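Here's a set of short exercises to work through with the model open in your viewer. Try each task before you read its solution.

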Amino acid sequence: MASPGEATVKDSHVGKKKKPPARYWPEQQKEGKDDNKVGKNEEHAEQAVEQEEQKTQKTTKRKQEGGERDGKKFISGKMDPFPGPARIPEDRINKFKRKDKTKKPRGSHYKLKDMISRSEKASEMAQKQAARFDLLLPEDAGFLEGDEDEDTCTISQEDIADAVDITAGSKYFNLKLSQFGPYRVDYSKTGRHLVLGGRRGHVACIDWQSKQLMCEINVMESVNDVKWLHSEAMYAVAQKKWLYIYDSNGIELHCIRKFNDVLRMQFLPYHFLLATASATGFLQYLDVSVGKEVTAICTKTGRLDVMCQNPHNAIIHLGHHNGTVTLWSPNQKEALVKMLCHQGGVRSVTVDKTGTYMVTSGMDKKLKVYDIRTFKPLKSYFLPAGASCLSLSQRGLLSAATGDIVQVYRDVWSSPVTKPYMAHRVPRTVWGLHFCPFEDVLGVGHGDGFTSMLVPGAGEPNFDGLDANPFRSAKQRQEWEVKALLEKIQPELISLNPTELGQVDRASFAQRHQDRVQALGFDPLAKEKFIPKYKTKGRSSAGGVERRKKQVAYEDQRDVIKKTVETKMKMEKERKQKEQKATVFSSQRSALDRFKK
Amino acid sequence: MKVKVLSRNPDDYVRETKYDIQRVPRNYDPTLHPFEVCREYTQALNSTKLDRVFAKPFLASLDGHRDGVNCMAKHTSSLSTLLSGSCDGEVKVWNLTKHECVRTLQAHEGFVRGMVVRHCGTSFFTVGDDKTIKQWKMEAPGYGEEEEPLNTILGKTVFTGLDHHQKDAVFATCGQQVDIWDEQRSSPIRSFTWGVDSFSAVRFNPVETELLASCASDRSIVLYDMRESAPLKKVIMTMRSNTLCWNPMEAYHFTCSNEDYNLYTYDMRYLDRPMTVHMDHVSAVLDVDYSPTGKEFVSASFDKTVRIFPKENGHSREVYHTKRMQHVICVKWSADNKYILSGSDEMNIRLWKANASEKLGVLAPREKQASNYSQKLKEKFQHHPQIRRIARHRHLPKNIFHESKELRIMKEARRRKERNVRKHSKPGAVPVVSEKEKHVVTVVK
């Protein structure tokens with residue numbers, strides 16, 4: 001991002017990078033240097049500055065800002081060639097932008113105005129600081145460029161593994177497990193650990209970078225899906241009948257009989273929810289921190305074997321046989337959204353990290369890209385064989401498995417793609433795909449075992465140590481676990497827009513009142529019905545009671561009557577005025593009146 | 001072919017030896033931190049709950065007086081010293097850090113009505129029911145010496161209040177009239193009267209040091225300029241004010257505690273309506289004192305509670321009570337903004353935390369940072385219904401709870417009646433009077 005990084009290819013991690021100290025912005029590097037050279041002579045330097053000022057308005061602006069410091073010269077008499085704070089590129093600031101500026105309230109809300117302007121100033125400063133910090137990020141993303149007339153998709157994995165350094169090269173490997181395949185794959189949140197689940201019961205956990213086997217068991221049942229829970233200490237296995245949870249030593253911790261016939265699972269890491277989709281059409285949520293079922297939703301759409309989560313808002317996407325994709329939250333028994341995406345069944349769905357794009361593939365051999373903020377189709381591609389598995393990487397590379405070929409595409413949503421970025425053939429049909437977080441690695445589970453592919457440019461180069469740290473120690477993990485559990489988000493807060501909680505609730509009084517009535521089942525503000533007191537000595541005769549009721553009824557209607565009378569009077573007045581005007585007009589003799597008889 | 005694959009050197013990410021601290025590389029990219037708002041909300045909710053869990057405001061009770069504590073005075077230069085005077089004429093000097101009495105002297109016969117420490121902190125003044133003003137040394141008398149006042153002035157009438165000038169050797173007393181005294185003379189250099197009435201409190205303005213204000217028993221608050229011979233102006237309210245306190249930061253504001261269960265914050269320049277009416281007490285408010293930051297004040301009431309109000313809020317943010325605390329007569333906010341001292345009828349002085357859940361003592365920088373962060377989050381989400389409900393929840397003694405409910409019902413009834421009267425009378429005949437204007441009778445200049 002910060003620099004192309006070509007110079008750093010050869011000594012990517014061995015020793016510190018030796019770059020020339022970067023100037024603040026690339027275009028004016030030369031001029032800055034010139035300044036320094038000519039700077040020996042003051043007049044020349046000033047001229048140069050003047051020229052610069054004429055060149056762009058922005059620079060002049062900066063100069064003016066720095067004008068306060070103009071008085072400050074170095075002892076040598078030289079001027080500071082870069083006065084004022086360094087400029088930050090606009091796009092980098094926009095990356096950290098959370099919100100548009102709020103409209104200032106009109107009128108004399110001076111306190112509110114002051115508060116808004118203060119908080120805006122603070123957030124602007126935070127934004128700028130974060131943007132500046134971006135410059136210091138240590139790693140650059142990977143990339144792959146072919147020579148002239150060379151397609152990157154023709155470059156084989158072996159070539160890439162040979163070209164890169166040994167540690168990176170060792171990340172391309174095959175596990176030949178032909179006995180119990182095909183395999184489902186899942187990487188843990190930090191990307192250090194891998195769990196493999198073979199269709200015929202083989203489950204294995206591997207610290208895949210050091211190639212250490214953590215545990216290996218055979219559950220002696222068919223395995224539909226495997227998923228890591230919040231840390232690498234536990235994983236869930238969807239077996240033939242029930243859902244099981246094992247720890248990293250392969251010891252069975254729980255068998256959850258409430259969750260039967262599970263086909264696919266998704267783990268929502270910030271909510272500690274395990275969402276499962278079953279063959280019976282149920283979507284169930286399990287809170288793994290307390291071990292309770294949160295909700296079970298009967299989707300009434302048959303066998304659910306296509307599932308993914310939106311990592312931006314924790315909404316579950318399900319694909320169905322009739323070509324629809326439905327969006328679910330645990331708070332609602334019906335689907336939030338139903339989209340008809342394909343003619344024919346949906347084979348796979350995936351959503352990108354920012355929650356902007358959804359990619360689906362169907363039996364109609366189409367690959368479609370949707371904007372799921374507006375639910376509009378953006379791109380549609382035809383794949384001759386149709387994609388059976390899809391997966392999106394952190395930096396937006398799309399991998400699609402067609403039969404036994406894994407293809408990786410770049411920029412599927414921005415520009416029409418004709419050729420894949422990379423392609424690789426695995427021994428047998430692909431069963432599961434998963435990009436490894438924070439690594440340029442794609443894990444492919446297939447009928448003949450597991451293949452770890454190198455996909456340069458797939459992973460996020462700079463991780464956040466407090467969120468997901470691949471290098472964390474046991475102590476750090478424990479601490480992270482406590483922190484994460486403390487800020488566990490309640491399932492009630494899952495909604496299509498996760499920032500809604502931070503916005504002003506502008507519901508009108510009427511709306512709120514209606515909600516309240518609906519929630520309570522009665523209207524708390526409703527006036528009580530008047531029941532006349534029972535009076536003795538014959539004063540509660542039916543007629544008397546009616547009369548008393550009528551009095552009160554009149555009381556209630558008094559205001560209404562008053563108003564109607566007033567409006568009537570007003571209308572009458574207006575009518576009279578109009579009539580008067582009309583008579584005035586009619587009293588004037590027109591030229592044609594002489595013909596009247 | 002040009003290729004680069006991510007390959008991190010563990011040396012850059014793992015500490016070298018176990019004696020180093022762990023490395024934590026950060027990346028502030030918002031896409032790596034999803035659900036920011038939800039997580040912050042959860043944190044705010046948790047810290048609000050923890051606040052309630054850790055709310056243990058009561059620190060200590062200082063006992064030793066043999067009658068109700070009638071007045072207290074903060075030392076001007078020592079944080080740990082407190083002076084208190086009781087209804088039997090005894091004055092005690094306390095060491096707050098050790099929670100012990102360091103000196104006792106019999107200052108007056110009858111009540112000690114008021115006491116104040118001189119700005120230099122070397123001596124203090126007391127007034128009592130025996131019509132005397134006495135000046136005492138701050139240091140205890142040496143071995144064999146007798147406890148004697150430095151100065152004694154015999155007045156003509158009973159003094160009920162006392163305050164000292166911020167800089168000069170001048171002090172003011174109140175009783176039948178407000179007197180300005182020079183420390184060197186035995187007769188007042190100036191006396192102010194406005195009609196015949198008695199005064200219950202007098203206070204110098206901390207910034208405009210020549211100004212003072214007093215509460216009179218004819219339900220008025222009178223402002224004076226020491227340099228002039230006549231009072232400046234007065235506002236008459238519906239009920240009598242007991243004491244008043246100037247805001248130390250915005251010294252044109254003052255708050256008075258009133259007999260009608262409310263406190264009123266006035267701007268000195270516009271006395272025709274108070275800036276804020278602070279309601280919540282269920283009995284007469286007896287004393288008020290501002291925090292040194294001028295953002296909050298504490299009030300003591302006859303209903304056996306102490307309440308803390310933000311200066312611009314109509315309702316209190318905190319209420320303190322114990323089973324044994326009786327009518328609270330005087331209250332002080334310590335000069336370091338951390339503690340509150342309340343003196344009550346049942347002869348005890350109680351030490352409270354100003355912020356109920358605050359951790360006392362020196363905080364580590366990370367602790368401080370964490371508490372600041374959670375403070376900000378609480379502030380950010382304070383209006384969310386669940387958080388507000390938890391933050392506002394207080395346990396009240398049964399009688400106060402019921403009393404406040406009753407008051408609410410009464411107020412509602414009054415409002416309803418007024419509305420009905422307005423409905424059934426000629427439009428404009430019954431004007432709408434705001435709560436603020438309701439309590440001011442008139443302003444006299």
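**Exercise 1.** Find the salt-bridge partner of Asp289(B) and work out which elements the pair links.

*Solution.* Keep in mind that this is a predicted model.
- Start at the side chain of Asp289(B): a salt bridge joins it to Lys74(B), and the closest N and O atoms are 3.4 Å apart.
- Next, place both ends: Asp289(B) is in strand β23 (residues 285-290) of chain B, while Lys74(B) is in strand β3 (residues 69-74) of that chain. The two are 215 residues apart, so this pair links distant parts of the chain.
- Now check the cover. With a relative accessible area of 5%, Asp289(B) is buried, because the cut-off for that is under 20%. Lys74(B) comes out at 29%, so it is partly exposed.

**Exercise 2.** Which of the two, Glu147(B) or Arg103(B), is buried, and which is partly exposed?

*Solution.*
- First, the contact: the two side chains, Glu147(B) and Arg103(B), form a salt bridge at 2.7 Å, N to O.
- Then the places: Glu147(B) sits in the loop between β9 (132-137) and β10 (151-154) of chain B, and Arg103(B) in strand β6 (residues 100-106) of chain B. That's another link between distant parts of the chain, with the two positions 44 residues apart.
- Last, the accessibility: Arg103(B) has 6%, so it counts as buried. Glu147(B) has 28%, so it counts as partly exposed.

**Exercise 3.** Describe how Arg394(B) and Glu318(B) tie parts of chain B together.

*Solution.*
- The side chains of Arg394(B) and Glu318(B) meet in a salt bridge of 2.7 Å, N to O.
- Arg394(B) belongs to the loop between α3 (385-392) and α4 (398-423) of chain B, and Glu318(B) to strand β26 (residues 318-320) of chain B, so parts that are 76 residues apart in sequence are tied together.
- Glu318(B) is buried at 7% relative accessibility, whereas Arg394(B) is partly exposed at 21%.

**Exercise 4.** How many salt bridges does the whole structure hold, and which residues are networked with Arg39(B)?

*Solution.*
- Over all chains, the search turns up 50 salt bridges.
- Arg39(B) is part of a salt-bridge network with Lys189(A), Asp467(A) and Glu487(A).

**Exercise 5.** Set the UniProt record for each chain against the secondary structure.

*Solution.*
- Take chain B as a whole: five helices and 30 strands, with 48% of its 445 residues counted as buried. Its C-alpha atoms fill a box of roughly 105 × 80 × 45 Å along the principal axes.
- An unreviewed UniProt entry lists "domain: Sof1-like protein" for residues 354-440 of chain B. That span is 62% helix and 1% strand, and its end C-alpha atoms lie 31 Å apart.
- In chain A, the annotation "repeat: WD", also from an unreviewed UniProt entry, covers residues 339-380. Here the chain is 0% helix and 60% strand, with 15 Å between the end C-alpha atoms.

**Exercise 6.** Where is Lys535(A), and which patch does it join?

*Solution.*
- Look in the loop between α9 (509-520) and α10 (542-587) of chain A: that's the place of Lys535(A).
- Lys535(A) gathers with Lys533(A), Lys537(A) and Arg539(A) in a surface patch of positive charge.
- At 30% relative accessibility, Lys535(A) counts as partly exposed.

Note on methods: Residues numbered from 1 in each chain as written. Chains lettered and ligands numbered in written order. Predicted model: local features only at pLDDT ≥ 70, side-chain atom pairs only at ≥ 80, totals over all residues. Heavy atoms only, no water. Patch = residues over 30% accessible without salt bridge, like charges linked within 9 Å, V, L, I, M, F, W, Y side chains within 5 Å. Areas by Shrake-Rupley, 256 points an atom, 1.4 Å probe, with all protein chains shown as cover. Salt bridge = Lys/Arg side-chain N within 4 Å of Asp/Glu carboxyl O. Lys, Arg positive; Asp, Glu negative; His and termini not counted. Charge placed at Lys NZ, Arg CZ, Asp CG, Glu CD. Helix = DSSP H or I, 4+ residues; strand = E, 2+ residues; numbered from the N terminus. Buried < 20%, exposed > 50% of the residue type's maximum accessible area, 1.4 Å probe, protein only. UniProt positions renumbered as here; feature names shortened; annotations may be inferred.
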